[in-house]
Amino acid sequence: MSAESIAALYPDELDQWQSDKRYHRVPDGESCQDLLERLFLDYVAGQKPEDSYVKKLDKAIQEAKMNREWRHEYMTLLMRDQENMEKGEEMLAKLILFLNEDGRLSDVTRVLQDKEYRQELYVEYHII
């Protein structure tokens with residue numbers, strides 16, 4: 001995430017930062033956005049937020065985590081992704097079994113490396 005996109009979350013905060021540069025102890029040669037990015041990356045790395053900007057961000061993240069609708073949507077998407085992965089694994093296993101039964105062992109390696117060829121064989125073997 002760039003400093004610009006971080007600052008876009010709280011544009012008023014960036015304005016305040018730029019006007020209160022000494023308060024936030026922005027080192028010489030470092031822009032406010034650079035400092036914000038560094039503080040954000042420290043937060044992502046697990047450091048406790050000490051700055052008001054990062055504290056606001058932490059609060060927004062905690063509220064998002066508590067949002068029941070978002071959690072439900074995330075879990076629904078996660079479950080769908082897991083089902084799709086299982087379906088894909090089953091399809092590939094079925095294709096490899098058919099290729100093995102037909103003695104097309106060289107095609108087994110190819111379907112693992114060539115997505116288009118794999119799709120052709122899914123159709124050929126009526127898997128999809």
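## Exercises on the C-terminal helices

Ile128 is found in the segment after α7 (helices are DSSP runs of H or I with at least four residues, strands are runs of E with at least two, and both are numbered from the N terminus). The model is predicted, so local features need pLDDT of at least 70 and side-chain atom pairs count only at pLDDT 80 or more, while totals for chains, interfaces and linings use all residues. Residues are numbered from 1 along each chain as its sequence is written, and side-chain values use heavy atoms, with hydrogens and water left out.

### Exercise 1: the chain as a whole

Find how many helices and strands the protein chain has, and what percentage of its 128 residues count as buried.

Solution.
- Step 1. Counting elements gives 7 helices and 0 strands, and from the N terminus on they run α-α-α-α-α-α-α.
- Step 2. Of the 128 residues, 24% count as buried (buried is under 20% relative accessible area, exposed is over 50%, and partly exposed lies in between, using a 1.4 Å probe and protein chains only).
- Step 3. Now take contacts between residues at least 6 apart in sequence: 39% of them join residues at least 24 apart (contact means heavy atoms within 4.5 Å).

### Exercise 2: the core

Work out which residues make up the largest nonpolar core, and which helices each supply at least two of them.

Solution.
- Step 1. Start from the term: a nonpolar core is a set of buried Ala, Val, Leu, Ile, Met, Phe, Trp, Tyr and Cys residues joined through side-chain atoms within 4.5 Å.
- Step 2. The largest such set has 10 residues: Met91, Leu95, Leu99, Val108, Val111, Tyr117, Leu121, Tyr122, Tyr125 and Ile127.
- Step 3. At least two residues of this core come from each of α5 (68-101), α6 (105-113) and α7 (115-124).
- Step 4. For the background, nonpolar side chains in soluble globular proteins tend to be buried together.
- Step 5. Pick Leu99 as a core member to follow: outside its neighbours within four places in sequence, Leu99 contacts Arg104, Leu105, Asp107, Val108, Val111, Leu121 and Tyr125.

### Exercise 3: three helix pairs

Determine at what angle the axes of α5 and α7 cross, then do the same job for α5 with α6 and for α6 with α7.

Solution.
- Step 1. Axes are lines fitted to C-alpha atoms, for helices over the stretch in contact, and angles run from 0 to 180 degrees between N-to-C directions. Angles under 35 degrees count as roughly parallel, over 145 as roughly antiparallel, 65 to 115 as roughly perpendicular, and the rest as oblique.
- Step 2. The axes of α5 and α7 come within 10 Å and cross at roughly 75 degrees, so α5 is roughly perpendicular to α7. Here Gly88, Met91, Leu92, Leu95 and Leu99 of α5 meet Arg118, Leu121 and Tyr122 of α7. By class, this contact has 6 nonpolar, 1 polar and 1 charged residues (Ala, Val, Leu, Ile, Met, Phe, Trp, Tyr, Cys and Pro count as nonpolar, Asp, Glu, Lys and Arg as charged, and the others, Gly among them, as polar).
- Step 3. α5 and α6 pack at about 155 degrees with their axes 8 Å apart, which makes α5 roughly antiparallel to α6. Their crossing is right-handed (a crossing is left-handed if the near helix is turned anticlockwise from the far one by less than a right angle, and right-handed if clockwise). Leu92, Leu95, Ile96, Leu99 and Asn100 of α5 meet Leu105, Asp107, Val108, Val111 and Leu112 of α6, and these residues divide into 8 nonpolar, 1 polar and 1 charged.
- Step 4. For α6 and α7, the axes come within 6 Å and cross at roughly 120 degrees, so α6 is oblique to α7. This crossing is left-handed. Asp107, Arg110, Val111, Leu112 and Gln113 of α6 meet Lys115, Tyr117, Arg118 and Leu121 of α7, giving 4 nonpolar, 1 polar and 4 charged residues.

### Exercise 4: the segment after α7

Decide whether Tyr125, His126 and Ile128 are each buried or exposed.

Solution.
- Step 1. Tyr125 lies in the segment after α7 and has a relative accessible area of 15%, so Tyr125 is buried. Leaving aside neighbours within four places in sequence, Tyr125 contacts Leu95, Phe98, Leu99, Asp102 and Arg104. Tyr125 and Phe98 are 27 residues apart in sequence, with 7.7 Å from C-alpha to C-alpha.
- Step 2. His126 also belongs to the segment after α7, and at 70% relative accessibility His126 counts as exposed. Its phi is near 55 degrees, a positive value in a residue other than glycine. As a general rule, most residues other than glycine have a negative phi.
- Step 3. Ile128 has a relative accessible area of 55%, so Ile128 is exposed. Not counting residues up to four places away in sequence, Ile128 touches Met91, Gln119, Tyr122 and Val123. The C-alpha atoms of Ile128 and Met91 are separated by 8.4 Å, with their positions 37 residues apart along the chain.
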